[in-house]
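Colleague: I should be grateful for a close look at a single part of this model, beginning with its polar contacts. Please then set that part beside other regions and the chain as a whole.

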Amino acid sequence: MKTEVKERTSQKEASVLGPGTPAPDFNLRSTPDQFVSLSDFHGQPVILAFYPADWSPVCGDQLALYNEILPEFQKFNAALIGISVDGTWCHVAYSKDRKLHFPLLADFEPKGDTARRYGAYRQEDGVCQRALFVIDPDGTIQWSYVSPIGVNPGADGILAALEALPTSKQQKASTHANSTR
């Protein structure tokens, strides 16, 4: 029985988009009358944090941690975006209650469409997996990670992935070197 559970988990994690994959664009509600798209952040790193649900204990701890260390992410000029299948009004209330300083996007209708495109939807539960993605300024996934649903993944992996991104000087030098060949 344990082997079967591990195997199913591995298959789920294997379906999450990995490094080198172009990040699918999306256009999701951040408030009842505003939308946010991944393409809005072209030219800067983006951290996508898919999570199961507002108001759940592990999600609350995870998002509170990210809110607390948001200045560390901003040192890399990275934008942080939370995504779950909860509705917009739920996100607005949750964000206000927890004093979050980053957008929570509603992957509500069609339910989980964006999470599905990232391979981060839990069909059996109807929620997002606890999946993280670091996307480079050009829109390519550089790092992804799936945590067990009941485990806060922390921020060490995100910070390491941001540190590993080429700096703008390195990117320009690389682009210049490639264009002179």
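Modeller: A polar contact is a pair of N or O atoms within 3.5 Å, and within protein one of the two must be able to donate a hydrogen and the other to accept it. The model considered here is a predicted one. The part I have chosen is D136, a residue of the loop that runs between strand β8 (130-135) and strand β9 (141-147). Its side chain and that of Q142 are joined by a polar contact of 2.8 Å. A polar atom of the D136 side chain also lies 2.9 Å from the backbone nitrogen of D138. Once neighbours within four places in sequence are set aside, the residues in contact with D136 are Q44, P45, Q142 and L165. Q142 therefore appears both in this list and as the partner in the side-chain polar contact, which falls within the 3.5 Å limit. D136 counts as buried because its relative accessibility is 11%, and the cut-off is under 20%.

S95 may be set beside D136. S95 belongs to helix α4, which covers residues 88-98. With a relative accessibility of 17%, S95 also falls under the 20% limit and so counts as buried. Leaving out residues up to four places away in sequence, S95 touches L100, F102 and L104.

A further region involves strand β1 (residues 27-31), which pairs with strand β2 (residues 34-37) in the antiparallel sense over 4 bridges. The two strands form a hairpin, with 2 residues between them. Within this pairing, L28 has V36 of β2 as its bridge partner. L28 also figures in the second largest pocket, where N27, L28, A106, F108 and E109 are the lining residues nearest the centre. The lining comprises 15 residues in total, and β1 and helix α5 (113-117) each contribute at least two of them. Sorted by class, the lining holds 6 nonpolar, 4 polar and 5 charged residues. The volume of this pocket is about 190 Å³.

As to the chain as a whole, it has 7 helices and 9 strands. Of its 181 residues, 44% are buried, and D136 and S95 both count as buried. Among contacts in the chain with a separation of 6 or more, 65% join residues that are 24 or more positions apart.

Note on methods
Residues numbered from 1 in each chain as written. Predicted model: local features only at pLDDT ≥ 70, side-chain atom pairs only at ≥ 80, totals over all residues. Heavy atoms only, no water. Pairing = 2+ DSSP bridges. 1 Å grid on protein atoms, 1.4 Å probe; cavity = no way out; pocket = protein on both sides within 12 Å on 5 of 7 lines; lining within 4 Å. Points joined across faces, edges and corners; volume = space filled by probe spheres on them. Nonpolar A, V, L, I, M, F, W, Y, C, P; charged D, E, K, R; others polar. Buried < 20%, exposed > 50% of the residue type's maximum accessible area, 1.4 Å probe, protein only. Contact = heavy atoms within 4.5 Å.
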